[in-house]
Amino acid sequence: MTDDIDAAGPAPFTAADYAARMASAARSAADAGLAGLLIAPGPDLTHLTGYRPTTETERLTLLVLAAGQDPVLIVPALEAPDAASAPGAGALTLRDWADGKDPYAVTAPLLDFRGRFGVSDNTWSLHLLGLQRELPNTSFAALTDCLPMLRAVKDPRELERLAAAGAAADAAYAQIVHVPFAGRRETDVAADLAALLRAHGHSQVDFTVVGSGPNGANPHHEAGDRVIRHGDMVVLDFGGLRFGYGSDISRTVHVGEPTAEEQRVHDIVREAQQAGVAAVRPGVACQEVDRAARAVITEFGYGDRFIHRTGHGIGVTTHEPPYMVEGEEQPLLPGMCFSVEPGVYLPGRFGVRIEDIVTVTEDGGRRLNNAPRELAVVE
């Protein structure tokens, strides 16, 4: 159970909050040389307006943002009442279209017919092609390419939600280490994890990785029917959404006492994770976090067994920019939040991963997960 403060939850975002986000997004688009942004249903629309359509539909829904003009949300007429009740609706103009009408003809007059627009990554090709037919001289670019940091810097109220999600994941881990592992299937432990996340306030569970023994050497192993045995290393990676913001934590446990080698590999990964967190500070390139963690694992001879990036951003989704990976030169900024999750994977034997969410502060970094990082022994 969560405490009374957690149960009450943080204060909801207001129309003013969403107005500020949309204005900032429009300015960022102009600074990037774009005529504006076209935002379809998905995490960007939720972040900017608070509107999340209840059903996925082929009918066009599109937020149009451009510097110097009021935000406009194009919606199907039958969904206009839901859109009008969204928390950010007071900060934009709703324009609906009825079945039988051409939604692209409704949208086209809002756009610079020679402009270049950033388009949210999950926009249906059906709609983008419809706009291209209506505006053949307009060009489009995916937000990941032209404005990848749109949601990357979190404000204090977003950080409050991310911290609450992290604390709930910590609480779930504190309980899962006391459930039986040996003799149960991975799916059984995964179900326990999902139930614990919900018990601690998660409205959505996105993943519950339980990789036992050799399955732990697959970083994205989905829990299966393998029966967990005494002597297994078990990688646990789980998270979801609480108050609309993500959690993501990984810990590795051992069923019974570990061997000296298993303990050593775990210690190496723990040291690498600490090095990655220690590298976090404003102005440092994202790739430096990856380099710091990877250098430790490489020094101990396991560099070729660390087979993924060190981290990913988190916010209204559990995976988003920025990414802690070689080649990413984006400087860290206060308010960015991301995972630091190095791992070592030994095919056919076992894997180890340790992960926390970290936020960039004015002078360093702060973990949003505080669950113990030692190798826990479970039964």
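Here are three short exercises on the predicted model shown above.

**Exercise 1: overall build**

Find out which secondary structure elements the protein has, and how its radius of gyration fits the globule rule.

*Solution.* Start by counting elements: you should get eleven helices and 18 strands. Next, take the radius of gyration, which is 23 Å. The globule rule gives 21 Å for 379 residues, and the two values are close, so the protein is as compact as a globular protein of that length. For the extents, the C-alpha trace spans about 70 × 40 × 35 Å along its principal axes.

**Exercise 2: inside and outside**

Work out what share of the residues is buried, and what share of the accessible surface belongs to carbon and sulfur atoms.

*Solution.* Begin inside: 54% of the 379 residues are buried. Then move to the outside, where the accessible surface comes to about 15,800 Å². Carbon and sulfur atoms hold 52% of that surface.

**Exercise 3: a trio of rings**

Classify the aromatic pairs that Phe13 makes with Tyr18 and with Tyr245.

*Solution.* First, recall that a pair of aromatic rings is described by the distance of the centres and the angle of the planes. Planes over 60 degrees apart count as edge-to-face. Now try Phe13 and Tyr18: with 6.1 Å centre to centre and 75° between the planes, they are edge-to-face. Phe13 and Tyr245 have centres 6.2 Å apart and planes at 65°, so this pair is edge-to-face too. Then check the chain: Phe13 sits in the loop between helix H1 and helix H2, while Tyr245 is in strand S9, 232 residues apart. Both Phe13 and Tyr18 are buried, and Tyr245 is buried as well. Put together, Phe13, Tyr18 and Tyr245 form one aromatic cluster.

Definitions and conventions. Residues numbered from 1 in each chain as written. Predicted model: local features only at pLDDT ≥ 70, side-chain atom pairs only at ≥ 80, totals over all residues. Heavy atoms only, no water. Helix = DSSP H or I, 4+ residues; strand = E, 2+ residues; numbered from the N terminus. Rg over C-alpha atoms; globule rule 2.2 N^0.38 Å. Buried < 20%, exposed > 50% of the residue type's maximum accessible area, 1.4 Å probe, protein only. Areas by Shrake-Rupley, 256 points an atom, 1.4 Å probe, with all protein chains shown as cover. Phe/Tyr/Trp six-rings, centres within 6.5 Å; stacked < 30°, edge-to-face > 60°.
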